[in-house]
Amino acid sequence: MANGGTMTAQKPRNKITQQDVARLAGVSVSAVSLVLGGKGRISPQGVARIYQAIEQLGYQLPATAVPASLPRIGLLLPHDCDFSAALLPALAKTLQQAGFTLALSYVDLHPSRLLAQAGTLLTQDICGMLVCGRLLNDNPDVLQALSSRADARHIALTGISAHHHPGPVAAVHPDNALAAHQATDALLKQQHKHIAYLGGENHSLVRAERLGGLSVALGKAGVAFSPSLSLPCAATFADASRAAEQLLKQHPKISAILCDNPTVLQAAHHTLLSGTQAHRWRLFSRRIALTGFGECESSLKLQLPVIAARHRTLARRVLECLQHQLDGNTLLPGDPRLTVPAVFL
């Protein structure tokens, strides 16, 4: 991996090869070729490492590397987007198993660059295009222009986002409000009344949707939600640990915490565990229930309650929406297919 860091510093993006991807991912060149071609049996962990290397290096799949006989889907992906990076392996696997090849293009959040990269994909004989993650937060005029270009070429266009988007690009997204409602209902059944929400940035739409679901669920149970029981924090272990300590010290009646993401969940779990072992605070002598949002193997290994729209379910819904358009139908922003419910994992 250290060699991969030197490589990226010295080699321009347009010179990066599959050998570079293989070296950084710690796999063979043939494995990279098989994954990009949708062939062979590669472990999910290997696929994830390959796509993480592709994102880190900014590798662009050349048009000549894709068999002309197979329909192609163009993926517009933002740099440094955790949601898109986590979803990409399941998305690629689902589309490739359905008989599509992929043309990946990483874009920064600049309107002219988004349209330029989209224009490049549109010239590569694609039948569909997927706009991922934070790119959907771009200027609506830019997204409308992208939609018009796709319509003019009869190309299916779908988005996938961590939260609801009103348009102009219809986007598949998890039902965050319902997920929070379900998680809260489960805690209420366990007789928890003082339920807090930890994590997420103040401006996060995902957080806002979940807080709405939490508030509605509490209201139906006759419990008023206090905004003081919601504490935002950065998605780092250190920040989340400090925030968990602060929340519990300020509100000793809290009996359950909804955690915005896997990092916050694991940090809160560590804080409670270390606090109990050290007997630093009497408030940790009682059990505090935790529930986290977001699919994560580490959380499941710790046997922590997790609720999420599975990556493979989101990917399958994307495929369904693309196929719906490829069959000659229109996909509107309010289509129920776009909303994916969460499940306890």
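Helices here are DSSP runs of H or I with at least four residues, numbered from the N terminus. Keep in mind that this is a predicted model.

**Exercise 1. Find the helix that holds glutamine 96, and work out whether glutamine 96 is buried or exposed.**

Step 1: Glutamine 96 sits in helix α5, which covers residues 82–97.
Step 2: Buried means under 20% relative accessible area.
Step 3: Glutamine 96 comes in at 13%, so it counts as buried.
Step 4: For a long-range check, take leucine 36: it is 60 residues away from glutamine 96 in sequence, yet the two C-alpha atoms are 8.6 Å apart.

**Exercise 2. Work out which side of helix α7 is covered, and what covers it.**

Step 1: Start with the geometry. Helix α7 runs over residues 140–152, so to speak 13 residues, and spans 18 Å from first to last C-alpha, close to the 18 Å expected at 1.5 Å a residue.
Step 2: List the buried residues of α7: Val142, Leu143, Leu146, Ser147 and Ala150.
Step 3: These residues take up an arc of only 140 degrees around the axis, so they lie on the same side of α7.
Step 4: The spacing fits the general rule: an α-helix has 3.6 residues a turn, so residues three or four places apart point the same way.
Step 5: Turn to the other side of α7, where Asp141, Asp151 and Ala152 are exposed.
Step 6: Now the cover. The buried residues of α7 are covered by elements including β1 (72–78), α6 (111–122), β3 and β4.
Step 7: Just past the end of α7, look at histidine 154, which has a positive phi of about 55 degrees.

**Exercise 3. Describe the surroundings of strand β4, then zoom in on threonine 158.**

Step 1: β4 spans residues 156–160, and 5 of its 5 residues are buried.
Step 2: Sort the side chains by direction: Ala156, Thr158 and Ile160 point one way, Leu157 and Gly159 the other.
Step 3: That is the usual pattern, since side chains in a regular strand alternate between the two faces of the sheet.
Step 4: Find the partners. β3 (residues 128–132) pairs with β4 in the parallel sense over 5 bridges, with glycine 128 bridged to alanine 156.
Step 5: β5 (residues 171–174) also runs parallel to β4, joined by 2 bridges; here glycine 159 stands opposite alanine 171.
Step 6: Threonine 158 belongs to β4, and its relative accessible area is 0%, so it is buried.
Step 7: Its side chain still has a polar contact, at 2.7 Å, with the side chain of glutamine 325.
Step 8: Beyond four places in sequence, the contacts of threonine 158 include Met129, Val131, Val172, Cys321 and Leu331.

**Exercise 4. Lay out the open sheet that contains β6 and place the helices that pack on it.**

Step 1: Write down the strand order: β7-β6-β8-β9-β10-β12, 6 strands with mixed pairing.
Step 2: Mark the edges. β7 (230–231) and β12 (343–344) each have a single partner strand, so one side of each lacks a neighbour in the sheet.
Step 3: Check one pair: β6 (residues 195–198) and β7 run parallel and share 2 bridges, and tyrosine 197 stands opposite serine 230.
Step 4: Add helix α9 (residues 205–220), which lies across β6, β7, β8 (256–259) and β9 (289–293) at about 180 degrees to β6.
Step 5: Add helix α10 (residues 237–250), which touches β6, β7 and β8 and makes about 155 degrees with β6.

Note on methods:
Residues are numbered from 1 along each chain as its sequence is written. This is a predicted model: local features need pLDDT of at least 70, side-chain atom pairs count only at pLDDT 80 or more; totals for chains, interfaces and linings use all residues. Side-chain values use heavy atoms; hydrogens and water are left out. Two strands pair if DSSP finds at least two bridges between them. Contact means heavy atoms within 4.5 Å. Axes are lines fitted to C-alpha atoms, for helices over the stretch in contact, and angles run from 0 to 180 degrees between N-to-C directions. Buried means under 20% relative accessible area, exposed over 50%, partly exposed in between (1.4 Å probe, protein chains only). A polar contact is a pair of N or O atoms within 3.5 Å; within protein, one must be able to donate a hydrogen and the other to accept it, and residues adjacent in sequence count only if both atoms are side-chain atoms. The expected span of a helix is 1.5 Å times one less than its number of residues. The arc is that of the directions from the helix axis to the C-beta atoms.
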